Amino acid sequence: MYENIVDQMKCYERLKLIDWTNKAKSLAVRQMDTNILVCIGTKTNTDQCHTESNLPKIEDLKDWLKCSRKSNQILSDNKLMFKTNFNDQVYELIEEAEMMENLGIVLPREIQMLLAKKNSLLDDIMKVKNMVNTYNTFISSMSNLEVSFLLKIPTEGIFFF
């Protein structure tokens, strides 16, 4: 009787591990394939209706800079702002994966890669979030006169890494 219960528990454990592994791989791959930086409509934007699916994505900041130079506009002129697009479930996934690894469970390659880059990834995400928050706060606090002055500042010689 007890052997049957033990077998059922082992089967349940295997199924839970397979389920977690599939969800974790999916989340890790999906996050690595998404843009970390996106544009969204501001809360005061009533004339344009932006949903998550039709938000303009920033593929390359250099493209955004070229576009803004041509139109002589900044994001706030179009009632847009930057936002970081990072799924906070990745933090939980990393903690769970570390625990699984400590238990001696062999993790899929995608999750091992995520763990290997954990420190730099989390540090980079925090830096980007801080930069975006600072930028959005700065731009939203500017008057129209300050914004128009900002647009007249030459941007040649600015390098992006």
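# Chatting through a predicted helical model

Reader: Where is valine 90 found?

Author: Valine 90 sits in helix α3. One thing up front: this is a predicted model.

Reader: Okay. Is valine 90 buried or exposed?

Author: Buried, because its relative accessibility is 1%, and the cut-off for buried is under 20%.

Reader: What is valine 90 in contact with?

Author: Leaving aside neighbours within four places in sequence, valine 90 is in contact with Leu27, Gln31 and Leu114. There's also a pair to look at in space: valine 90 and leucine 122 are 32 residues apart in sequence, and their C-alpha atoms are 9.6 Å apart.

Reader: Leu114 came up there. What is leucine 114 in contact with?

Author: With neighbours within four places in sequence left out, leucine 114 is in contact with Ala28, Met32, Val90, Leu93, Ile94 and Leu121.

Reader: Let me zoom out. How many helices and strands does the protein have?

Author: Six helices and two strands. Starting at the N terminus, the elements go α-β-α-β-α-α-α-α.

Reader: And how much of the protein is buried?

Author: Buried residues make up 24% of the 161 residues.

Reader: Which residues in the largest nonpolar core touch the most other members?

Author: That core has 16 residues, and the ones touching the most other members are Trp20, Val90, Leu93, Ala97, Leu107, Ile111 and Leu114. The elements giving two or more residues to this core are α1 (2–32), α3, α4 (109–116) and α5. The largest share, five residues, comes from α3.

Reader: Why would nonpolar side chains be buried together?

Author: It's a general tendency in soluble globular proteins.

Reader: Back to α3 and α4. At what angle do they pack?

Author: About 105°, with their axes 10 Å apart. So α3 and α4 are roughly perpendicular to each other. On the α3 side the contact is made by Val90, Leu93, Ile94, Ala97, Glu98 and Glu101, and on the α4 side by Ile111, Leu114 and Leu115.

Reader: New topic: α5. How many residues has it got?

Author: Helix α5 covers residues 118–141, which is 24 residues. From its first C-alpha to its last it reaches 34 Å, close to the 34 Å expected at 1.5 Å a residue.

Reader: Which residues of α5 are buried?

Author: Leu121, Ile125, Val132, Asn136 and Ile139.

Reader: Asn136 catches my eye. What does asparagine 136 touch?

Author: Asparagine 136 touches Met81 and Phe82, not counting residues up to four places away in sequence. Asparagine 136 counts as buried because its relative accessible area is 11%.

Reader: What about threonine 137, buried or exposed?

Author: Exposed, because its relative accessibility is 51%, and exposed means over 50%. Threonine 137 is in helix α5, as is asparagine 136. The C-alpha atoms of threonine 137 and methionine 81 are separated by 10.0 Å, with their positions 56 residues apart along the chain.

Reader: We've skipped the strands. Where does valine 38 lie?

Author: Valine 38 lies in strand β1, residues 37–41. Valine 38 is buried, because its relative accessible area is 4%. Its C-alpha atom is separated by 5.4 Å from that of lysine 83, and the two residues are 45 apart along the chain.

Reader: What share of the contacts is long in sequence terms, say 24 or more positions apart?

Author: Among contacts with a separation of 6 or more, 73% come from residues 24 or more positions apart.

Reader: Last topic: confidence. What's the mean pLDDT?

Author: The mean pLDDT of the protein is 77, and 68% of its residues reach 70 or more. Among the elements, helix α3 (residues 89–102) has the highest mean, 92, and helix α2 (residues 61–71) the lowest, 57.

Reader: And where does pLDDT stay under 50?

Author: Over residues 45–59, for which the model has 27 contacts beyond four places in sequence. Where pLDDT is low, the predicted coordinates should not be read in detail.

Note on methods: Residues numbered from 1 in each chain as written. Predicted model: local features only at pLDDT ≥ 70, side-chain atom pairs only at ≥ 80, totals over all residues. Heavy atoms only, no water. pLDDT = per-residue confidence, 0-100. Helix = DSSP H or I, 4+ residues; strand = E, 2+ residues; numbered from the N terminus. Contact = heavy atoms within 4.5 Å. Expected span 1.5 Å × (residues − 1). Buried < 20%, exposed > 50% of the residue type's maximum accessible area, 1.4 Å probe, protein only. Core = buried A, V, L, I, M, F, W, Y, C linked by side-chain atoms within 4.5 Å. Axes fitted to C-alpha atoms, helices over the stretch in contact; angles between N-to-C directions. Parallel < 35°, antiparallel > 145°, perpendicular 65-115°, else oblique.
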